[in-house]
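Me: Please take a close look at one part of this model, the charged side chains and the surroundings they sit in. Which are on the surface, which are inside, and what do they pair with?

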Amino acid sequence: MKHEWRKHEKEYYLPKTKPQLIKIPEFKFFTIKGIGNPNTEQFSEAITCLYAVSYAARMSYKWDTPPSNYYEYTVYPLEGLWDIADLKLYEEEGFNKDNLAYEIMIRQPDFVTEQLAKEIIKVTQDKKPHPLLDQIQFKTIEDGNVVQMLHLGSYDDEPETFNKMKEFIQENGLEQRTKVHREIYLTDARKTEPKKQKTVLRYFIK
């Protein structure tokens, strides 16, 4: 049976439009880091490379020697960890998208090992060479306890949702581990008008 994250992992990817506390286990990811405005060509190219290796993993069953324990699945959505690149600049001048630090990623199924990940990146580089492919890393990441909520609408309106999450954290005597937050993009910003965009937002809790 095909594993579809929208059906089988709703608790992680389809939260309600109100804050909730949940524990996220460790997952495997292809990731790439960067600094700057997400509305740039560099950021777009990084996304393209992540999807390239992710679909290469999805199609690896067609290899002469398919991966051990392969199973059919739906490619996972794009995610991102977001932080401020230069805190001093932020304190002096306020928020600026050019001062963002990010690590964007796409989760991989359990059968993808570190060795297989290297092979997938090499196969992708051989077929569609791109300098950013050399920057892709394979990582295991555990979010642990988080407060998460579904944000509906433009990315620029996310502060409203973050404020609701902060209120929830305060009201329940919780504390954030870090200022870094995670975003999971359930819709493609290139194809979806801002008011219809859906994004999972997460704060990491101690």
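**Charged side chains and their surroundings**

Reply: Leu87 is placed in helix H4. The model is a predicted one, and what follows should be read with that in mind. Leu87 is a useful starting point, as it is one of three residues, with Tyr90 and Phe95, that form a nonpolar patch on the surface. Together these three have about 320 Å² of accessible area.

The charged residues can be taken up from the same helix. H4 spans residues 87–93 and includes Glu92. Glu92 belongs to a negative surface patch, whose other members are Asp86, Glu91 and Glu93. With a relative accessible area of 55%, Glu92 is exposed, because the cut-off for that class is over 50%. The patch rule also asks for residues without a salt bridge, so the acidic side chains that are paired must be looked for elsewhere.

Those pairs come next. The model has 12 salt bridges, and three of them are described here. One joins Lys122 to Asp126, with N and O 3.0 Å apart. Both residues are in helix H5 (residues 114–127), and their spacing of 4 residues is about one turn of the helix. Is this pair buried or exposed? Lys122 has a relative accessibility of 54% and counts as exposed; Asp126, at 52%, counts as exposed too. This salt bridge therefore has exposed residues at both ends.

The salt bridge between Asp143 and Arg202 has an N to O distance of 2.9 Å. It links distant parts of the chain, with Asp143 in strand E4 (residues 137–152), Arg202 in strand E6 (residues 198–205), and the two positions 59 residues apart. Asp143 is buried, at a relative accessible area of 4%, and Arg202 is buried as well, at 3%. Both values are under the 20% cut-off for buried residues, so this pair has its two charged side chains inside.

Asp143 and Arg202 are also part of something wider. Together with Glu79 and Arg182 they are linked in a network of salt bridges. Glu79 lies in strand E2, which covers residues 78–84. The side chains of Glu79 and Arg182 are joined by a polar contact of 2.8 Å. Glu79 counts as buried because its relative accessibility is 2%. The network thus includes the buried residues Glu79, Asp143 and Arg202.

The remaining pair to describe is Asp188 with Arg190, whose closest N and O atoms are 3.0 Å apart. What accessibility does each partner have? Asp188, at 25%, counts as partly exposed, whereas Arg190, at 61%, counts as exposed.

Some uncharged polar side chains complete the picture. Thr178 lies in strand E5 (residues 176–185) and is partly exposed, with a relative accessible area of 30%. A polar atom of the Thr178 side chain lies 3.1 Å from the backbone nitrogen of Val180. In space, the C-alpha of Thr178 is 8.8 Å from that of Lys206, although 28 residues separate the two in sequence. Ser44 and Glu72 are likewise 28 residues apart along the chain, but their C-alpha atoms are separated by 27 Å. Ser44 itself is in helix H3 (residues 41–58) and counts as partly exposed at 26% relative accessibility.

Ser154 is found in a loop, the one between E4 and helix H6 (158–171). Ser154 is buried, with a relative accessible area of 17%. A polar atom of the Ser154 side chain is 3.1 Å from the backbone nitrogen of Asp156.

Asn69 is worth a separate note on backbone geometry. Asn69 lies in the loop between H3 and E2, and it has a positive phi of about 65 degrees without being a glycine. Most residues other than glycine have a negative phi. Asn69 counts as exposed, at 64% relative accessibility.

To return to the request: on the surface side are Glu92, exposed at 55%, and the exposed pair Lys122 and Asp126. On the inside are Glu79, at 2%, and the pair Asp143 and Arg202, at 4% and 3%.

Conventions. Residues are numbered from 1 along each chain as its sequence is written. This is a predicted model: local features need pLDDT of at least 70, side-chain atom pairs count only at pLDDT 80 or more; totals for chains, interfaces and linings use all residues. Side-chain values use heavy atoms; hydrogens and water are left out. Patches are made of residues with over 30% relative accessible area and no salt bridge: like charges are joined within 9 Å, nonpolar side chains (Val, Leu, Ile, Met, Phe, Trp, Tyr) within 5 Å. Accessible areas come from the Shrake-Rupley method with a 1.4 Å probe; for residues, only the protein chains shown count as cover. A salt bridge is a side-chain nitrogen of Lys or Arg within 4 Å of a carboxyl oxygen of Asp or Glu. Lys and Arg count as positive and Asp and Glu as negative; His and the chain ends are not counted. The place of a charge is taken as NZ of Lys, CZ of Arg, CG of Asp or CD of Glu. Buried means under 20% relative accessible area, exposed over 50%, partly exposed in between (1.4 Å probe, protein chains only). A polar contact is a pair of N or O atoms within 3.5 Å; within protein, one must be able to donate a hydrogen and the other to accept it, and residues adjacent in sequence count only if both atoms are side-chain atoms.
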